[in-house]
Amino acid sequence: LNDTRFNNNKKGINKLKDKVEGQGANIIFLTPTIFDAEQKKEFLLTDSDSYSYKTPYAYYNKEVLKTYANWLLESQDVPVVDLHGYLTGVQTNYKKADSTFTLIPDAVHPNNMGHFYMAKKILNDLYPAIKIANASIEFEQLKDNPLFSLASKRRYIRSEGWREYIGYERGKTVKTNDITPTINQVKALDKQISAILVKKQH
């Protein structure tokens, strides 16, 4: 745990909270998801300062992410959805039946099931009246759901469009100068989504 990074994180969280509330909006925080060290066990470091994505700290989940999560839960007077604690419990239960099971195949990024449980926890905390089945049932129902398909397409187009408009580097610089095509595609999808929602209400 690096104290400088941790303190900068605290300052950033509190600054974000002040800015959001200064606009008259309400903020909801999420604790970090989990790090599955088992998926990187051949590359873990325990006694070096040169940690990285390729050679991560062996106790990153228990010592770092858990500390960040606990601070967020204890320090805020606004809703905090504890993804870290929840996903830890989910993964632990699955591993009792299958020691190779993981929600985080690359150790950092949740897979589809990981994202399902993230969404389930957020919905359960914010909208407890919504009932969610288990992962396999929900996945089967979503497979042929046109609303889910359109919403997924919308998210992807919007995410990629804005990422390229803002710009990033991955071996080379990727940057577009016009966000209009993305906005137009999203508007077109919004019309299709709205049409399905209106139909469902009648």
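Which residue follows α6, and what is the sign of its phi? G167 follows α6, and the phi of G167 is positive, near 100 degrees.

1. Basis. This is a predicted model, in which local features need pLDDT of at least 70 and side-chain atom pairs count only at pLDDT 80 or more, while totals for chains, interfaces and linings use all residues. Residues are numbered from 1 along each chain as its sequence is written, and side-chain values use heavy atoms, with hydrogens and water left out.

2. Length of α6. Helices here are DSSP runs (H or I, at least four residues), numbered from the N terminus. Helix α6 covers residues 146-166; at 1.5 Å a residue its 21 residues should span 30 Å (1.5 Å times one less than the number of residues). The end C-alpha atoms are 30 Å apart, which agrees.

3. Faces of α6. L150, I157 and G161 are buried (under 20% relative accessible area; exposed is over 50%; 1.4 Å probe, protein chains only). These residues cover an arc of only 35 degrees around the axis, so they lie on the same side of α6; the arc is taken from the directions from the helix axis to the C-beta atoms. The buried residues of α6 pack against α7 (180-201), with contact meaning heavy atoms within 4.5 Å. Exposed R155 and I166 are on the face turned away from the buried side.

4. Start of α6. A side-chain oxygen of N145 comes to within 2.8 Å of the backbone nitrogen of L147.

5. Cores. The largest nonpolar core (buried Ala, Val, Leu, Ile, Met, Phe, Trp, Tyr and Cys residues joined through side-chain atoms within 4.5 Å) has 12 residues, including I34, F101 and A135. Helices α3 (83-97) and α4 (112-126) each supply at least two of its residues. A second, separate core has 11 residues, among them V64, Y68, W71 and L72.

Note on methods: A polar contact is a pair of N or O atoms within 3.5 Å; within protein, one must be able to donate a hydrogen and the other to accept it, and residues adjacent in sequence count only if both atoms are side-chain atoms.
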